[in-house]
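Got the model open in your viewer? Here's a short walk through it, one selection at a time.

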Amino acid sequence: MEFCGSHTHALLRYGIRDMLPRTITMKSGPGCPVCVTSTHDIDLAIAIAMAPDTIVATYGDLVRVPGTGGSLERARAAGADVRVVYSALDAIAIAEENRTRQVVLIGIGFETTAPTVAASIVTASRKSLRNYRVLSLLKRTPPVMTALLHRGELRIDGIICPGHVSVITGTEPYRVIPTRFGVGCVVSGFEPLDMLRAIDLLVRQIESGAPGVENAYERAVSDRGNEVARELIDRVFASCEAEWRGLGAVPGSGLAVRPEYEDFDATARYHPDIARSVEPAGCRCGDVLRGSISPQECALFGTICTPQYPVGPCMVSHEGACAAHFSYSAGT
């Protein structure tokens with residue numbers, strides 16, 4: 001299983017899946033942060049966007065992700081002030097320019113994104129920007145890997161670990177996986193040779209019966225990762241339970257704003273009354289994210305659900321498995 005959505009795109013873009021022998025099957029995992037954001041969390045973001053005197057800042061992919069009754073894009077069309085930003089610090093600039101309004105950054109992403117969101121909170125605190133807040137929907141990858149294997153739904157013999165995440169985390173957090181589950185792990189980059197090397201290393205582990213953790217992305221990833229970035233994350237956030245699309249609540253997989261930074265936590269100010277969240281009818285994005293089906297096995301794929309008219313987030317996001325299969329498999 002390749003965990004990262006960017007790995008899924010690389011495998012398909014370079015035709016690597018088609019090159020592999022029939023004895024090797026690749027499964028896409030829950031490695032797209034936009035895709036795994038639950039419908040309830042999307043509904044919460046939309047409700048905050050519709051609140052008076054509020055500006056919502058978000059990364060581009062999230063704007064089109066459907067909630068129960070719409071999306072941030074539709075909320076913007078209805079009058080909400082929703083702005084696309086390229087970094088968390090862009091949201092800080094918006095807050096400085098609009099001091100009479102609340103600015104809420106929708107913080108999504110894995111360990112790769114978390115340091116920049118944490119830095120924005122530290123910056124807002126230093127500048128006394130009391131009109132800046134973060135809705136933290138950030139997630140941690142090692143806990144969900146463990147949760148996925150613990151379900152036992154799939155037979156997974158090896159995992160290609162996410163390269164960008166591992167730049168921050170290092171390789172150490174993955175060592176529990178071969179120890180506890182007997183499943184090998186290899187960290188990979190995103191070029192064709194990176195992917196082929198990672199697959200080769202996993203096959204060698206499986207054939208030798210010696211699962212372990214190997215780093216095939218040495219030019220960017222070290223065993224210890226980026227300690228400065230992790231210290232910043234730990235300073236601002238604490239691990240918490242988080243809801244994942246297709247997996248439900250996963251203990252320790254989220255990042256909540258610490259009490260000492262409560263003034264910058266959107267959930268401390270906004271308490272919207274949200275009706276029961278409902279998944280898009282017929283969408284099997286949750287099954288795709290667990291690797292239990294391929295995108296083509298969803299009845300909506302390529303017909304009702306396309307990148308132009310997406311039904312579920314796996315077709316919305318540029319890291320989504322459905323979007324990758326549609327783009328590089330001619331929609332079939």
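A quick definition before you click anything: two strands count as paired if DSSP finds at least two bridges between them. Helices (H or I, at least four residues) and strands (E, at least two) are DSSP runs, numbered from the N terminus. What you have on screen is a predicted model, where local features need pLDDT of at least 70 and side-chain atom pairs count only at pLDDT 80 or more, while totals for chains, interfaces and linings use all residues. Residues are numbered from 1 along each chain as its sequence is written, and side-chain values use heavy atoms, with hydrogens and water left out.

**Stop 1: the sheet**

Select residues 184-187, which make up strand 6, and then add strand 7: three bridges join the two, and they run parallel. Look across from Cys 185 and you'll find Val 213 of strand 7 opposite. Now bring in strand 5 to see the open, parallel sheet, three strands in the order 5-6-7. Strand 5 (158-161) and strand 7 (213-215) sit at the edges with a single partner strand each, so one side of each has no neighbour in the sheet. From one strand to the next, the twist averages 20°.

Next, show residues 192-208. This is helix 11, which packs on the sheet and touches strand 5, strand 6 and strand 7; contact here means heavy atoms within 4.5 Å. The direction of helix 11 makes about 160° with that of strand 6. Such angles run from 0 to 180 degrees between N-to-C directions, with axes fitted as lines to C-alpha atoms, for helices over the stretch in contact.

**Stop 2: along helix 11**

Stay on helix 11 and pick Leu 196. How covered is Leu 196? Leu 196 is partly exposed, at a relative accessible area of 33%. (Buried means under 20% relative accessible area, exposed over 50%, and partly exposed in between, using a 1.4 Å probe and protein chains only.)

Moving on to Arg 197, look for its salt bridge with Glu 218, where the closest N and O atoms are 2.9 Å apart. A salt bridge here is a side-chain nitrogen of Lys or Arg within 4 Å of a carboxyl oxygen of Asp or Glu. This one links distant parts of the chain: Arg 197 belongs to helix 11 and Glu 218 to the loop between strand 7 and helix 12 (227-236), 21 residues apart. Arg 197 is partly exposed at 37%, and Glu 218 is partly exposed at 45%.

**Stop 3: more salt bridges**

The count comes to 16 salt bridges. One of them joins Arg 17 and Glu 2, at 2.8 Å from N to O. Glu 2 is buried, with 0% relative accessibility. For another, select Arg 175 and Glu 172, with 3.2 Å between the closest N and O atoms. Arg 175 is partly exposed at 31%, as is Glu 172 at 49%.

**Stop 4: helix 8**

Finally, select residues 141-151. How many residues of helix 8 are buried? Eight of the 11 are, leaving the helix mostly covered. Among them are Pro 142, Val 144, Met 145 and Leu 148. Show what surrounds these buried residues: they pack against strand 5, helix 9 (163-169), helix 10 (176-181), strand 8 (237-244), strand 9 (248-257) and helix 14 (285-290). End your tour on Gly 152, just after helix 8, which takes a positive phi of about 70°.
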